[in-house]
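Work through these exercises with the sequence and the 3D view side by side. Try each task before reading its solution.

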Amino acid sequence: MPELPEVETTRRGVAPHLEGQTLLGAVVRQPALRWPVPPDLDHILRGETILAVRRRAKYLLLACQHGTLLIHLGMSGSLRVMPAGTPPQKHDHLDLLLDGRLLRYRDPRRFGAVLWHVGPIERHPLLNALGPEPLSAAFDGAALFEAMRRRQSAIKLAIMDNHIVVGVGNIYANEALFHAGIAPTRAANALTRGDCDRLATEIKAVLMRAIDAGGSTLRDFVDSDGKPGYFQQSYMVYGRQEAPCRRCGTPIRHIRQGQRSTYYCPLCQP
């Protein structure tokens, strides 16, 4: 599914086409997403000006004059800016209409969301309990160490908890733990302050490298121009079961944690 770097890549791709533009309305072809699309979305959005395109965790936030359009890409969603009148294809569920262009929401699995919220967006039920952004100053080794002190779960599961820090999905949790030299099975409350300093630094670094590379190509992800991301070409451990570690040559191991695949080097991550 699109993770934080893919969502941020999408945000950066669509923002220049949307900010300052007045919406002419919306065309909803399939309202049955993860949560129902507001039935009066066309009426709500008509005449609204998009003031800013922001991101919170994996949610895209189109801040308008009288509310915020919240978009989640789900398991397979994407956004593309296209010329007005471009014929829709299968799974093109929703268009936001602009002057001469449209923003098209595509979601083959229909597990994403398009919702309207009036009022402070940080109070939306999907956002109000989220932890800090991993790329913000609020997330550092001290904050991570404090959060881990009461966590007995494995560290990989802990850093994927959106109450601890948002947007560290499975791929980037694997990669950050490798670069920090921390075994994914270690108890979170066993990490030292030095471990947390390294891990927070590597989470930021891995996510930034992925954003710079345009994200990762998994299943259906493409960026807002239709181009795939390329960060997967530099994976150190993810998806490399039994392949030699790029650092020491030891075969990469694979286990399951919390229904997700975990990859690690037993020598580099003691």
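**Exercise 1. An unusual backbone angle**

In which loop is the place of Glu242? Then decide whether Glu242 is buried or exposed, and compare it with Ala57 on the same points.

Solution. This is a predicted model.
- Step 1: locate Glu242. The loop runs between α6 (193-212) and β9 (253-257).
- Step 2: read its backbone. Phi of Glu242 is near 70°, which is positive in a residue other than glycine.
- Step 3: set that against the usual case. Most residues other than glycine have a negative phi.
- Step 4: check the accessibility. Glu242 has a relative accessible area of 53%. Exposed means over 50%, so Glu242 counts as exposed.
- Step 5: turn to Ala57. Its loop joins β2 (50-56) and β3 (59-64). Phi of Ala57 is near 55°, again a positive value outside glycine.
- Step 6: classify Ala57. Its relative accessibility is 4%. The limit for buried is under 20%, so Ala57 is buried.

**Exercise 2. Where the largest pocket lies**

Find the domains of the chain, then explain why the largest pocket lies between them.

Solution.
- Step 1: mark the domains. Domain 1 covers 4-123 and domain 2 covers 141-264. Taken over C-alpha atoms, their centres are 29 Å apart.
- Step 2: size the pocket. The largest pocket holds about 490 Å³ of space.
- Step 3: find its centre. The lining has 22 residues, and the closest to the centre are Lys58, Tyr59, His72, Met160 and Asn162.
- Step 4: assign the lining to domains. Both domain 1 and domain 2 contribute residues, so the largest pocket lies between them.
- Step 5: sort the lining by class. Eleven residues are nonpolar, seven are polar and four are charged.

**Exercise 3. The annotated binding site**

Which residues does UniProt place under "binding site"? Work out where His91 and Arg109 are found.

Solution.
- Step 1: take the record. The unreviewed UniProt entry gives the feature "binding site" at His91, Arg109 and Arg151.
- Step 2: check their spread. They span 61 residues of sequence, and their C-alpha atoms are up to 40.7 Å apart.
- Step 3: place His91. It is found in the loop between β5 (78-83) and β6 (92-97).
- Step 4: list its contacts. Beyond neighbours within four places in sequence, His91 touches Tyr105, Arg106, Asp107 and Pro108.
- Step 5: place Arg109. Its loop runs between β7 (101-106) and β8 (113-117).
- Step 6: classify both. His91 has a relative accessible area of 24%, so it is partly exposed. Arg109 is at 45% and is also partly exposed.

**Exercise 4. The largest cavity**

How many cavities of 30 Å³ or more does the structure hold? Describe the lining of the largest cavity by element and by class.

Solution.
- Step 1: count. The structure has two such cavities. The largest cavity contains about 40 Å³ of space.
- Step 2: name the lining. It consists of Leu69, Ile71, Leu79, Leu94, Leu96, Leu103, Arg104, Tyr105 and Val114.
- Step 3: group by element. β4 (68-72), β6 and β7 each give two or more residues to this lining. The largest share, three residues, comes from β7.
- Step 4: group by class. Eight of the lining residues are nonpolar, none is polar and one is charged.

Note on methods. Residues numbered from 1 in each chain as written. Predicted model: local features only at pLDDT ≥ 70, side-chain atom pairs only at ≥ 80, totals over all residues. Heavy atoms only, no water. 1 Å grid on protein atoms, 1.4 Å probe; cavity = no way out; pocket = protein on both sides within 12 Å on 5 of 7 lines; lining within 4 Å. Points joined across faces, edges and corners; volume = space filled by probe spheres on them. Nonpolar A, V, L, I, M, F, W, Y, C, P; charged D, E, K, R; others polar. Domains from an automatic or database assignment. UniProt positions renumbered as here; feature names shortened; annotations may be inferred. Helix = DSSP H or I, 4+ residues; strand = E, 2+ residues; numbered from the N terminus. Buried < 20%, exposed > 50% of the residue type's maximum accessible area, 1.4 Å probe, protein only. Contact = heavy atoms within 4.5 Å.
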